[in-house]
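How do words such as "buried" or "salt bridge" earn their place in a description? Work through the questions below and set each value against its cut-off.

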Amino acid sequence: KVMDNGYRHWQQMLNGSLGVVGIFLKRDETTQEVAVSDIEEGEPAYLAGILPQDTLLKIDGKTTQGMDEQQVLENLGGKPGTSLNITVRRGNQELEFQLTRAK
């Protein structure tokens, strides 16, 4: 079922019905937090100034604690052109970014 969901998610991204922000994620095995592993150049996250190593804390005010990478990706996705707020921790400060999902 997880593979099926991942595949469907990928299909939606390919056909443009799911907006993307250009973030790649990895889970920190020690803290169990989800962090940004890479940013796709030219995509909304890159343009907003989100950086690799930023830890994702909230998506639209909803905590990412207890979520795995797939759940975080599902929360980041949405209709192209819609906006979302992402709160990250960088070093010892919390930063909030507003992004608009791209096609």
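**Values against cut-offs**

Q: Why is Asp-54 called buried?
A: Asp-54 has a relative accessibility of 2%. Buried means under 20%, so Asp-54 counts as buried. Keep in mind that this is a predicted model.

Q: What makes Arg-90 and Asp-54 a salt bridge?
A: Their side chains meet at 2.8 Å, N to O. The cut-off is within 4 Å, from a side-chain nitrogen of Lys or Arg to a carboxyl oxygen of Asp or Glu. The pair therefore qualifies as a salt bridge. Arg-90 sits in strand β5, and Asp-54 sits in the loop between α2 (44-48) and β3. They are 36 residues apart, and the pair links distant parts of the chain.

Q: Is Arg-90 buried, exposed or partly exposed, and what is the reason?
A: Its relative accessible area is 26%. Buried needs under 20% and exposed needs over 50%. Arg-90 falls in between, so it is partly exposed.

Q: How many salt bridges does the structure hold, and what makes Arg-89 and Glu-33 one of them?
A: The structure holds 2 salt bridges. The side chains of Arg-89 and Glu-33 meet at 2.6 Å, N to O. That is within 4 Å, so the pair fits the definition. Arg-89 lies in strand β5, while Glu-33 lies in the loop between β1 (23-27) and β2 (34-39). The pair therefore ties together parts that are 56 residues apart in sequence. In general, side chains of opposite charge can pair when their charged atoms come close.

Q: Why do Arg-89 and Glu-33 count as partly exposed?
A: Arg-89 has 28% relative accessibility. Glu-33 has 24%. Partly exposed lies between the cut-offs of 20% and 50%, so each residue counts as partly exposed.

Q: What makes strand β3 largely enclosed?
A: Strand β3 covers residues 55-59, and 4 of its 5 residues are buried. The strand is therefore largely enclosed by the rest of the structure.

Q: How do you know that β3 pairs with β5 and with β4?
A: Pairing needs at least two bridges. β3 and β5 (residues 83-90) share 4 bridges, in the antiparallel sense. β3 and β4 share 2 bridges, also antiparallel. Each count meets the cut-off, so each pair qualifies. Thr-55 stands opposite Arg-89 in β5. Lys-58 has Thr-63 in β4 as its bridge partner.

Q: What makes the phi of Asp-60 worth a look, and where is the residue found?
A: Asp-60 has a positive phi of about 50° although it is not a glycine. Asp-60 is found in the loop between β3 and β4. The hairpin of these strands has 2 residues between them.

Q: Why is Gln-53 called exposed, but Asp-60 partly exposed?
A: Exposed means over 50%. Gln-53 has a relative accessible area of 56%, so it is exposed. Asp-60 has 46%, so it is partly exposed. Gln-53 also has a positive phi, about 85°, although it is not a glycine.

Q: Which residues touch the most other members of the largest nonpolar core?
A: This core has 18 residues. Those that touch the most other members are Ile-23, Ile-50, Leu-56, Val-72, Leu-76, Ile-86 and Leu-99. Elements that give two or more residues to the core include β3, α3 and β5. In soluble globular proteins, nonpolar side chains tend to be buried together.

Note on methods:
Residues are numbered from 1 along each chain as its sequence is written. This is a predicted model: local features need pLDDT of at least 70, side-chain atom pairs count only at pLDDT 80 or more; totals for chains, interfaces and linings use all residues. Side-chain values use heavy atoms; hydrogens and water are left out. Buried means under 20% relative accessible area, exposed over 50%, partly exposed in between (1.4 Å probe, protein chains only). A nonpolar core is a set of buried Ala, Val, Leu, Ile, Met, Phe, Trp, Tyr and Cys residues joined through side-chain atoms within 4.5 Å.
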